[in-house]
Amino acid sequence: MVGTEGNCVAGRWYVGLLLHFPNRADNGSTGLPLDKRPLGLLPLPSCLLLASLSQSAPPLPAAAAAATQDREEGIGGASSLSLPAPGETQIRRPSHCCGFISFTRAEPSPMAKEQSGSPKVRLPEFQRMRVTLTIGVIGLCVASYILGAWQGTSNSINSSLINTKIRCDDPISRTTGSTSVRSSGARLDFRAHHQGGFNESSLVSEKFPPCQLKYSEYTPCQDPRRARKFPKKMMQYRERHCPKKEELLRCLIPAPPSYKNPFKWPQSRDYAWYDNIPHRELSIEKAVQNWIQVEGDRFRFPGGGTMFPHGADAYIDDINALVPLTDGNIRTALDTGCGVASWGAYLMKRNIITMSFAPRDSHEAQVQFALERGVPAMIGVMATERIPYPARAFDMAHCSRCLIPWNKLDGVYLIEVDRVLRPGGYWILSGPPIHWKRHFKGWERTEEDLKQEQDEIEDLAKRLCWKKVVEKDDLAIWQKPINHIECFGSRKVDQTPEICKSKDVDSAWYKKMDTCISPLPDVNGEGEVAGGALEKWPKRAFAVPPRITRGSVPGLTPEKFQDDNKLWSERVDYYKKLIPPLAKGRYRNVMDMNAGMGGFAAALMKYPLWVMNVVPSGSTHDTLGVIYERGFIGTYQDWCEAFSTYPRTYDLVHADKVFSSYKDRCDIAYILLEMDRILRPEGTVILRDNVEVLVKVQAITEGMRWKSQIMDHESGPFNPEKILVAVKTYWTGEPAQKQ
């Protein structure tokens, strides 16, 4: 075999049979012929083939060079291929060995002419040079391929997304003009290849205008104007009444003029900006009780309450003297009629997280104040429907002069508390009628009336099989039994309330309350905790929940639970790379719109934030009970409707495959508008979904004053699931909009 000579430094390469087809392109995406394509753009197999052929292909006869010359000069057909005669050689060289490869015709080797086709002696230095050249070309190919893949992978977000401000009078095009899609360095475009079944309105680029300023505190499903149309009996008018499709607002809820970012936690527990919630009513109405005070341009929250005017801290210490709150057994609490949620706010330093709720009533914006302070809360009421939480969710429930008629309506409200209270959990009552002998004059009620009310509550608690733990001063505490063996065994046949025949105790989305006792899971002995005992906090967060170990949630196993924890730990680590402020206290109120088993919340435990874990109603797996057994809080929700909260109450919203789930159920533009409503200015959104879904979602957000990027999946660019990260820009309403 005749050897070939190469010298990369001198720019001379010798290539064999491949050069007979200089005009042929491979199936790569560039459309350039292989001999005209930059090395970095060559597919790796083609690049390696080029290197191997340059060394291993037999030399072409000299006659082929002449044939090639004739073809290039127009002599003979351009597509014809003449076979070389024996002893003839064709040699070509590239103009550069490391950049764009373009080939030119080279003259036959002088040695080939002298040898006249006779075998050539292979010299040792030529052999070494050939090996060196082969290794060098292969190395360049591999390096180019790796470099190209690395450049096409995006792993961080432009820092300008994190802090963005605009004025309300800026055109929307200015706020969205810099919106970009990043996955492999260029804008993603799947319109020619992926067809989704989206509502038509989501396919059209739409610019959403700001709503009128009067809607700055709009709560669609708890709108006081709509509430007037419903009966006041059993507080029905305070329940959720969502607008019909034709009543939905297709505009952006404005922040009040001069809106400021809330104080950071823990300072936010005690302070809020007046401009963000311009309501002085509570500071006047509850002045004696120390709920809230106005100090210049801000509110101060001394921690007072109706039954704890000296502060929630001292009040909680009184409870702790009667029931241990700091040993890890009590983790989740429910506060009914919470006011500004000071009780829940001060429980946090004792590692107890509280779901506080109150209606939108004459105490204007009390839940909004709670969320502005960084304290978990929802708009809600004890009325005709179950509160939206699963059975056996809370370790402790609390009512401090919440004005709920516990002894009326066949005890339906206390029965509902029994449903959501964990076996062995506590119910704490302060205010009327407790300690009525001291307070009856201040309450402007008769002694007889108050005594009767307390007697009826005591009797109902006994029929629920609760045990009264203690009554001291203004506090009374009852405890739910750990199982129903003793209770049901000694129960009379006609005793009320009856035991519910249905075991569907977790359903709580638009489901009417029952006047029967929700049955606890079966046990094997009197000392066994129904449904399974829970670990102490914080071990509880990662222990396999009893609902999973007992197979109460079909399809979930301990192995899947552990895998889910690992998965979300990796995902949150990736989020921290995409959004560095996530690990630096930038976010306080976080919502997970499709929480699964609560893995996202668990992975964020070490940061100073809390997560509202939402399980969509009608999910394949009802996992909200699992989330509560882990020591987290959450609620049920249908995302075709508005959430029970005020505008601008969450710093970070996370949604895993929410849009894939809802794209055939309702217009996803309204889901995005709802996300915009509850998100604070300069708040962040993380959406995980298939890339074709996210591209269409991003097209909608471009008309919502968001800035966004589509990022690769944490596993790399080849995963069809992507991550859209968006920031809501800062803008406020104009005072003139009031007209």
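How many bridges join strand 6 to strand 9, and do the two run parallel or antiparallel? Here are some notes on that and on a few other places worth a look.

1. Before the details, please keep in mind that this is a predicted model. The protein's secondary structure amounts to 21 helices and 19 strands. Of its 739 residues, 54% count as buried. Looking at contacts in the protein with a separation of 6 or more, 70% come from residues 24 or more positions apart.

2. Now to the opening question: strand 6 (residues 332-336) and strand 9 (residues 394-400) run parallel and are joined by three bridges. If you would like a place to start on screen, find Leu334, which stands opposite Ala397 in strand 9. Helix 11 (residues 412-420) packs on the sheet here, where it touches strand 6, strand 9 and strand 10 (421-430). The direction of helix 11 makes about 140 degrees with that of strand 10. Helix 13 (residues 447-463) also packs on the sheet, touching strand 10, strand 11 and strand 12 (475-479). For helix 13, the angle with the direction of strand 11 is about 150 degrees.

3. As for the sheet as a whole, it is open, with seven strands in the order 8-7-6-9-10-12-11 and mixed pairing. Strand 8 (377-379) and strand 11 (467-472) are its edge strands, each pairing on one side only. From one strand to the next, the twist averages 20 degrees.

4. There is also an open sheet of three strands, ordered 3-5-4, and its pairing is antiparallel. Its edges are strand 3 (271-273) and strand 4 (293-295), each of which pairs on one side only. The twist in this sheet averages 30 degrees from one strand to the next. Strand 3 pairs with strand 5 (residues 298-300) over three bridges in the antiparallel sense, and Tyr271 has Arg300 in strand 5 as its bridge partner.

5. Next, a helix pair. The axes of helix 20 (residues 668-678) and helix 21 (residues 691-701) come within 10 Å and cross at roughly 60 degrees. The two helices are therefore oblique to each other, and helix 20 passes helix 21 in a right-handed crossing. On the helix 20 side, Ile668, Ala669 and Leu672 meet Val697, Ile700 and Thr701 of helix 21. The residues of this contact comprise five nonpolar, one polar and no charged.

6. What surrounds helix 21? Its buried residues are covered by elements including helix 19 (658-662), helix 20, strand 17 (679-690), strand 18 (706-711) and strand 19 (721-728). Nine of the 11 residues of helix 21 are buried, so the helix is largely enclosed by the rest of the structure. Among them are Val693, Leu694 and Val695, and also Lys696 and Gln698.

7. Finally, have a look at strand 18, one of the elements covering helix 21. Six of the six residues of strand 18 are buried, so this strand is largely enclosed by the rest of the structure. Both of its faces are covered, with Trp706, Ser708 and Ile710 buried on one side and Lys707, Gln709 and Met711 buried on the other. Strand 18 runs antiparallel to strand 19, and six bridges join the two. Met711 is a handy marker for this pairing, as it stands opposite Ile723 in strand 19.

Note on methods:
Residues are numbered from 1 along each chain as its sequence is written. This is a predicted model: local features need pLDDT of at least 70, side-chain atom pairs count only at pLDDT 80 or more; totals for chains, interfaces and linings use all residues. Side-chain values use heavy atoms; hydrogens and water are left out. Axes are lines fitted to C-alpha atoms, for helices over the stretch in contact, and angles run from 0 to 180 degrees between N-to-C directions. Helices (H or I, at least four residues) and strands (E, at least two) are DSSP runs, numbered from the N terminus. Angles under 35 degrees count as roughly parallel, over 145 as roughly antiparallel, 65 to 115 as roughly perpendicular and the rest as oblique. A crossing is left-handed if the near helix is turned anticlockwise from the far one by less than a right angle, and right-handed if clockwise. Contact means heavy atoms within 4.5 Å. Ala, Val, Leu, Ile, Met, Phe, Trp, Tyr, Cys and Pro count as nonpolar, Asp, Glu, Lys and Arg as charged, and the others, Gly among them, as polar. Buried means under 20% relative accessible area, exposed over 50%, partly exposed in between (1.4 Å probe, protein chains only). Two strands pair if DSSP finds at least two bridges between them.
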